[in-house]
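Here is a walk through one fold, helix by helix and strand by strand. Keep the structure open while you read.

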Amino acid sequence: MPLVAGIDSSTQSCKVVIRDSATGALVRQGRASHPEGTEVHPDHWWTALQEAIAHAGGLDDVESVSVGGQQHGMVCLDSSGNVVRPALLWNDTRSAGDAEELILEAGGGDATAGAAHWASTTGTVPVASLTATKLRWLARNEPENAQRTAAVCLPHDWLSWRLAGHGPGTGPASLELLRTDRSDASGTGYYSATSGEYLTEVLRSTLGHVPVLPTVVGPFEAAGKTPGGALIGPGAGDNAAAGLGVSAAVGDVVISIGTSGTVFAVSEVPARDSSGLVAGFADATGHYLPLACTLNATRIFDATAELLGVDLRQLGDLAISAQPGADGLTLVPYFEGERTPNLPDATGSLHGITVSNFTPANLARAAVEGVLCSLADGLSALQAQGVAARRIIMVGGGAQSTAVQQIAANVFGLPVFIPSPGEYVADGAARQAAGVLTGHLPDWPIAGLDFAPESPSGPPAFLSRYRSYAARAAKD
């Protein structure tokens, strides 16, 4: 059967998987690292991609390829196709002040009105990660570079364009061949996922002019061909690609437990959250992908394990040995502030300590429950935006903890499916590449574990107790 390739160009690395388009069977794979930092020249991504492709045995026998990439990054090109300056990545925060100004300007000086305007037009209230805020920073701080910018694209757009044989020095006509998809475009701050249109007025108010922007192509529409003749898929932002990789459908909520936590869903309705907690992104299939983020996840496990002098496996064993609710011990895990709820200056807190419950097992249990309860707040934020949640798909390093697996279904009150560890973003890109060949997404089997709530009639008592203490943190 035809082979397809999926690429995950993340902040840290580039991963390539090559799979059978019909069965999804992994044929071979490769990987290469990216440099650290929040400002990276795109040439490093291209070099890493070539290295990862070589490690994966090349693309000569591949019929379709697609790129999933880190969202939001600002890639500016001049009229000849040269990179104007190193790209500012999603995690570069220098444009935080510009985000605040954009909100105030939209509301005529009223931040609440401004946030409502942005939520209704783009689905997302500006924060430093969005490309629009970075363009405002560029125009204010590097006006010559802003004037040289003839086209603006995102990391995955630029890599797809390079795979099609375009690049530095290829001239103005090649800029018109830039392509993207709804999921990545929806994270720029100048695209409306509901109308399917770029918002040119945002570009004029940020960059100062309207540059060439990638054409947004459909979920199964080819964005070009490689010099070797392989079709290039539309690609996707990393979260949308991960959704494809775990076959998330309407009614599924994907919860990723890594250094931070991410909660996103495939939804038939767009999100318009003026509080800014939920970003109103699009997915890679024609639906929407509302997303909430928490700042504290596996680092809480790491810190608790270090305090108790155990490794992560032993931490999980301790947590399982304790009773649900940790005998009244409650950890609010805002160790590094929090994003959902938006409490950037908050700190963590431990509540309900008594002589009898202050044990290693209860502390381990409270850490696991606290992180999962925090993610449950992210789920509630999505549900408040009309998301229909029928199943949780839990991924990420933290999801491999036995304690997390056993406790999660009760916290969320929903069935939980935990796919076997894999390269979900690259796999999702490969699945999209297969869809470009056939016109529909293949139904690749996904191995994993299923968990059901022990008490489906309602949330556990410790979740209500957690929310009470979390509400106190919001008032402090």
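Right after helix H10 comes Ser247, with a positive phi near 55°. Bear in mind that this is a predicted model. H10 itself covers residues 238–245, and seven of its eight residues are buried, so the rest of the structure largely encloses it. The buried set consists of Asn239, Ala240, Ala241, Ala242, Gly243, Leu244 and Gly245.

What does H10 pack against? One partner is helix H15 (residues 424–438), at an angle of about 75° and with the two axes 6 Å apart. H10 and H15 are therefore roughly perpendicular to each other. On the H10 side, the contact uses Asp238, Ala241, Ala242, Leu244 and Gly245, while H15 brings in Tyr424, Val425, Asp427, Gly428, Ala429, Arg431 and Gln432. Sorted by class, the contact of H10 with H15 has six nonpolar, three polar and three charged residues.

Ser247 also leads us to a tryptophan. Trp444 sits in the loop between H15 and strand S24. Although Trp444 and Ser247 are 197 residues apart in sequence, their C-alpha atoms are 8.2 Å apart in space. Is Trp444 buried or exposed? At 9% relative accessibility, Trp444 counts as buried. Leaving aside residues up to four places away in sequence, Trp444 touches Ser247, and from H15 it meets residues including Asp427, Ala430, Arg431 and Ala434. Other contacts of Trp444 come from early in the chain, among them Val4, Arg19, Asp20, Ser21, Ala22, Thr23 and Gly24.

Now for the sheet. Seven strands make up an open, mixed sheet, in the order S18-S19-S17-S16-S22-S23-S24. Strand S18 (279–282) and strand S24 (448–451) are at the edges with a single partner strand each, so one side of each has no neighbour in the sheet. On average, neighbouring strands of this sheet are turned by 25° against each other, direction ignored. At the S18 end, S18 pairs with strand S19 (residues 288–294) in the antiparallel sense over four bridges. If you want to find that pairing on screen, look for Phe281, whose bridge partner in S19 is Leu289.

Two helices pack on these strands. Helix H13 (residues 360–383) lies across strand S16 (252–257), strand S17 (261–265), S19 and strand S22 (391–395), and runs at about 30° to S17. Helix H14 (residues 402–412) touches S16, S22, strand S23 (416–419) and S24, and its direction makes about 150° with that of S22.

H13 and H14 also pack against each other, at an angle of about 45° and with their axes 10 Å apart. That makes H13 and H14 oblique to each other, and their crossing is right-handed. The H13 side of the contact is made by Arg365, Val368, Glu369, Leu372, Cys373, Leu375, Ala376 and Leu379, and the H14 side by Ala403, Val404, Ile407, Ala408, Val411 and Phe412. Twelve of the residues in the contact of H13 with H14 are nonpolar, none polar and two charged.

Over to another helix pair. The axes of helix H1 (residues 42–55) and helix H6 (residues 155–163) come within 11 Å and cross at roughly 55°. H1 and H6 are therefore oblique to each other, and the crossing is right-handed. Here Pro42, Asp43, Trp45, Trp46 and Leu49 of H1 meet Pro155, Trp158, Leu159, Arg162 and Leu163 of H6. The contact of H1 with H6 has eight nonpolar, no polar and two charged residues. H6 is mostly covered, with nine of its nine residues buried. Just past H6, Gly165 has a positive phi of about 95°.

A few non-glycine residues have positive phi as well:

| Residue | Phi | Where |
|---|---|---|
| His72 | near 75° | loop between strand S5 (62–69) and strand S6 (75–77) |
| Asp327 | near 55° | loop between helix H12 (312–321) and strand S20 |

His72 is buried, with a relative accessible area of 10%.

One last backbone feature is worth a look. Thr340 and Pro341 are joined by a cis peptide bond, with omega about 5°. Pro341 is in the loop between strand S20 (330–332) and strand S21 (349–351).

Note on methods:
Residues are numbered from 1 along each chain as its sequence is written. This is a predicted model: local features need pLDDT of at least 70, side-chain atom pairs count only at pLDDT 80 or more; totals for chains, interfaces and linings use all residues. Side-chain values use heavy atoms; hydrogens and water are left out. Axes are lines fitted to C-alpha atoms, for helices over the stretch in contact, and angles run from 0 to 180 degrees between N-to-C directions. Helices (H or I, at least four residues) and strands (E, at least two) are DSSP runs, numbered from the N terminus. Angles under 35 degrees count as roughly parallel, over 145 as roughly antiparallel, 65 to 115 as roughly perpendicular and the rest as oblique. A crossing is left-handed if the near helix is turned anticlockwise from the far one by less than a right angle, and right-handed if clockwise. Contact means heavy atoms within 4.5 Å. Ala, Val, Leu, Ile, Met, Phe, Trp, Tyr, Cys and Pro count as nonpolar, Asp, Glu, Lys and Arg as charged, and the others, Gly among them, as polar. Buried means under 20% relative accessible area, exposed over 50%, partly exposed in between (1.4 Å probe, protein chains only). Two strands pair if DSSP finds at least two bridges between them.
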